[in-house]
Amino acid sequence: MDKIIVGLKRVVDYNVRVQVKSDGSGVETDGVKMSINPFDEIALEEALRIKESGAATEVVAVSIGTSESQQQLRTGLAMGADRAILVTVDGDIDPLSIARVFKALAEKESAGLVMLGKQAIDGDNSQVAQMLAALWGRPQATFASGVTIEGDSARVVREVDAGLETVEVDLPAVLSVDLRLNEPRYVKLPDIMKAKKKPLDEMPLADLGIEPGPVIKELQYAAPEGRQRGVTVDDVASLVAALKDKGLV
Amino acid sequence: MTKVLIIAEHDGSALNPSTAKCVSCAAAIDGAEIDIAVLAADTTGIAAEAAELEAVSRVLTIERAENEKPITAKLAPQIAAIAGDYSHIMGPSTTFGKDLMPHVAALLGVNQVSDIMTVENSHTFKRPVYAGNAIVTVEAPAGSTVVATVRVASWQAANGGNSATIAPLDAAAELPMHTRYVSLESAASDRPDLQTAAKVVAGGRALGSEEQFGLIYQLADALGAGVGASRAAVDAGYCPNELQVGQTGKIIAPDLYIAIGISGAIQHVTGIKDAGTIVAINKDEEAPIFEVADIGMVGDLFQILPELIDAVN
Ligand SMILES: Cc1cc2nc3c(=O)[nH]c(=O)nc-3n(C[C@H](O)[C@H](O)[C@H](O)COP(=O)(O)OP(=O)(O)OC[C@H]3O[C@@H](n4cnc5c(N)ncnc54)[C@H](O)[C@@H]3O)c2cc1C
């Protein structure tokens with residue numbers, strides 16, 4: 001396999017306690033720490049390991065977003081991606097359009113694998129990999145917790161509700177990765193310096209000939225209904241009594 | 001007119017309870033006419049179960065040897081081929097539906113509404129984002145098919161007692177050979193299924209080993225409960241992955257959830273927000289799990305659990 005494309009999305013860091021804006025137009029992102037979507041970081045780590053094993057020659061990191069996403073791509077380059085592409089859009093873009101971007105790039109680059117996170121921790125949609133597989137007419141293996149490249153195919157272990165499912169897919173293919181696939185490497189300072197010299201190309205969405213279609217409109221954000229802190233019990237007897245009260249034992 | 005097609009989830013012989021929850025969601029749309037599609041190698045038993053669900057008009061069976069295993073590359077083209085008449089196509093937001101439905105949506109050229117919690121009207125829904133830290137009301141475009149997954153923990157299963165028409169259907173579609181099922185490794189158990197259990201006992205990192213995680217199974221068995229776990233407990237190898245509860249595991253809504261040695265990270269708590277009663281046992285009184293617990297007990301789980309198991313037995 002020649003190339004692996006990896007998607008890196010800029011999202012609110014997973015440690016941030018997200019607050020809904022008072023006007024309900026979205027969540028507060030001003031002054032909030034932004035990071036690579038944790039699942040995407042795992043996808044990149046896996047792509048780098050595949051390349052290091054000799055099964056691929058180049059890892060290309062791709063982000064679709066505003067110019068601020070350069071930051072996440074630079075981190076990806078510091079982790080070890082060979083080059084990066086930023087497809088620039090003005091605001092939010094829908095999953096189907098993102099899948100079309102990846103399809104266009106996968107074809108242009110003749111990618112052997114496109115590796116994405118199984119979901120982004122902002123919208124929690126979990127759609128792009130599956131959509132890309134549909135548009136590209138190539139196999140999908142989602143929620144991967146194990147990947148083995150075997151020549152022209154890949155054996156993928158998937159985390160499904162019933163347990164661990166193994167599938168075999170012909171390459172090129174689309175993978176979406178789960179948390180237990182690997183632990184991403186730490187970026188070292190010299191790598192950050194080196195990453196500054198690696199190529200990061202920017203292109204507007206229109207250059208790929210893609211015009212977003214009708215989207216699912218977000219009308220209103222609200223905070224979830226909270227749960228109230230309840231009572232504290234001091235011993236097992238009181239715990240059992242409290243459960244009995246509620247008819248739970 | 002609102003015509004909803006629900007894609008049945010099953011294990012090859014029995015209907016998964018997630019399908020009955022999708023029916024409830026579909027029935028929340030005014031005037032919806034509901035069909036269920038069963039794609040399987042042998043649809044007989046599954047279709048019979050689906051036909052019993054209240055509010056279902058027809059069960060359409062697509063029987064093909066290729067449908068023996070739930071491989072999206074094979075199922076999605078068949079679903080796209082029969083989508084024509086429907087205003088809505090829905091599946092559960094289980095790993096089955098999450099894998100399948102976006103692929104169907106893309107074949108139909110539309111975006112998907114993921115994880116419907118409530119139905120406002122035929123095209124407007126509420127869904128969770130940011131690990132459930134925000135709820136967004138979304139509106140799908142009028143004039144194109146609505147493809148959606150249903151957040152199963154938000155819906156009660158539809159009642160039985162119906163006898164909908166069962167009709168075979170031919171979904172002419174060419175199916176690719178590029179994706180092959182190899183195997184499923186499942187830690188089979190007789191305990192109630194985590195996703196539908198009325199009671200769940202869950203253990204976290206604090207259990208410390210696979211052996212000591214046995215305490216969780218003991219308490220679960222004493223209560224007749226299913227077993228869950230935090231990501232940390234799964235990552236450490238104390239229990240199998242299918243027990244993980246949370247943003248990236250299962251989202252559940254049991255009547256009783258007992259969290260033991262679990263700190264209560266937002267990614268975990270988002271999986272249990274709809275539980276009836278949450279009990280937390282943790283030695284750290286500051287642990288965030290207590291903020292969402294109805295009953296909290298501060299202490300060492302290794303002292304509390306043996307006593308609790310005894311008391312319940
Ligand atoms: C993108 C992303 C997705 C994630 N998805 C999930 C998910 O789906 N589900 C999930 O669970 N996590 C998820 N996580 C991980 C989550 O952030 C936490 O790291 C995880 O839930 C912690 O598990 P824990 O509570 O078992 O461990 P810890 O946070 O280490 O908590 C252990 C607790 O045990 C208590 N304790 C220790 N010893 C004892 C004792 N003897 N008696 C009583 N109490 C004791 C401690 O006080 C502590 O509160 C996700 C993280 C990320 C970044």
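Biologist: What share of the 249 residues in chain A is buried?

Modeller: In this predicted model, buried residues make up 54% of chain A. To earn that label, a residue must have under 20% relative accessible area.

Biologist: And what does chain A look like overall, in helices, strands and box dimensions?

Modeller: Chain A has 6 helices and 13 strands. Its C-alpha atoms fill a box of roughly 65 × 45 × 40 Å along the principal axes.

Biologist: Why is A:K33 called exposed?

Modeller: Exposed means over 50% relative accessible area. A:K33 comes to 54%, so the label "exposed" applies.

Biologist: What makes A:K33 and A:D13 a salt bridge?

Modeller: The limit is 4 Å between a side-chain nitrogen of Lys or Arg and a carboxyl oxygen of Asp or Glu. Here the N to O distance is 3.8 Å, and the pair counts as a salt bridge. Both residues lie in the loop between β2 and β3 of chain A, so the pair ties together parts that are 20 residues apart in sequence. A:D13 has 10% relative accessibility and therefore counts as buried.

Biologist: How do you know that A:E168 and A:R155 form a salt bridge too?

Modeller: Try the 4 Å limit again: their closest N and O atoms are 3.7 Å apart, which passes. A:E168 sits in strand β9 of chain A and A:R155 in strand β8 of chain A, 13 residues apart. A:R155 is partly exposed, because its 30% lies between the 20% and 50% limits.

Biologist: What is the relation between B:R231 and B:D235 in helix α6 of chain B?

Modeller: They are 4 residues apart in that helix, so about one helical turn separates them. Their closest N and O atoms are 3.0 Å apart, and they form a salt bridge. B:R231, at 37% relative accessibility, counts as partly exposed, and so does B:D235 at 38%.

Biologist: Which residues are joined into one network by salt bridges that share partners?

Modeller: A:E150, A:R155, A:E168, A:D170 and B:R180. Over all chains, the search finds 29 salt bridges.

Biologist: Why is helix α3 of chain B described as largely enclosed?

Modeller: Because 9 of its 11 residues are buried. Among them are B:T72, B:L75 and B:I82.

Biologist: How many residues of strand β12 of chain B are buried?

Modeller: 4 of its 5, which fits the description "mostly covered".

Biologist: How do you know that β12(B) pairs with β14(B)?

Modeller: Pairing needs at least two bridges. These strands have 5, in the parallel sense, with B:A202 opposite B:A259. β12(B) also pairs in the parallel sense with β13(B), over 4 bridges. There, B:G203 has B:A229 as its bridge partner. Together with helix α5 of chain B, β12(B) and β13(B) make a right-handed β-α-β unit.

Biologist: How many aromatic pairs does the search of the whole structure find?

Modeller: It finds 1 over all chains. That pair is B:F213 and B:Y217, 5.6 Å centre to centre with 70 degrees between the planes.

Biologist: What makes the pair of B:F213 and B:Y217 edge-to-face?

Modeller: Planes over 60 degrees apart get that name, and 70 degrees clears the cut-off, so edge-to-face it is. B:F213, at 0% relative accessibility, counts as buried.

Biologist: Which residues form a nonpolar patch on the surface?

Modeller: A:V187, A:L189, A:I192 and A:M193, with about 350 Å² of accessible area together. A:I192 is found in helix α5 of chain A. Patch members need over 30% relative accessible area, and A:I192 has 37%, which counts as partly exposed.

Methods: Residues numbered from 1 in each chain as written. Chains lettered and ligands numbered in written order. Predicted model: local features only at pLDDT ≥ 70, side-chain atom pairs only at ≥ 80, totals over all residues. Heavy atoms only, no water. Patch = residues over 30% accessible without salt bridge, like charges linked within 9 Å, V, L, I, M, F, W, Y side chains within 5 Å. Areas by Shrake-Rupley, 256 points an atom, 1.4 Å probe, with all protein chains shown as cover. Helix = DSSP H or I, 4+ residues; strand = E, 2+ residues; numbered from the N terminus. Buried < 20%, exposed > 50% of the residue type's maximum accessible area, 1.4 Å probe, protein only. Right-handed = clockwise from strand over helix to strand, strands pointing away. Phe/Tyr/Trp six-rings, centres within 6.5 Å; stacked < 30°, edge-to-face > 60°.
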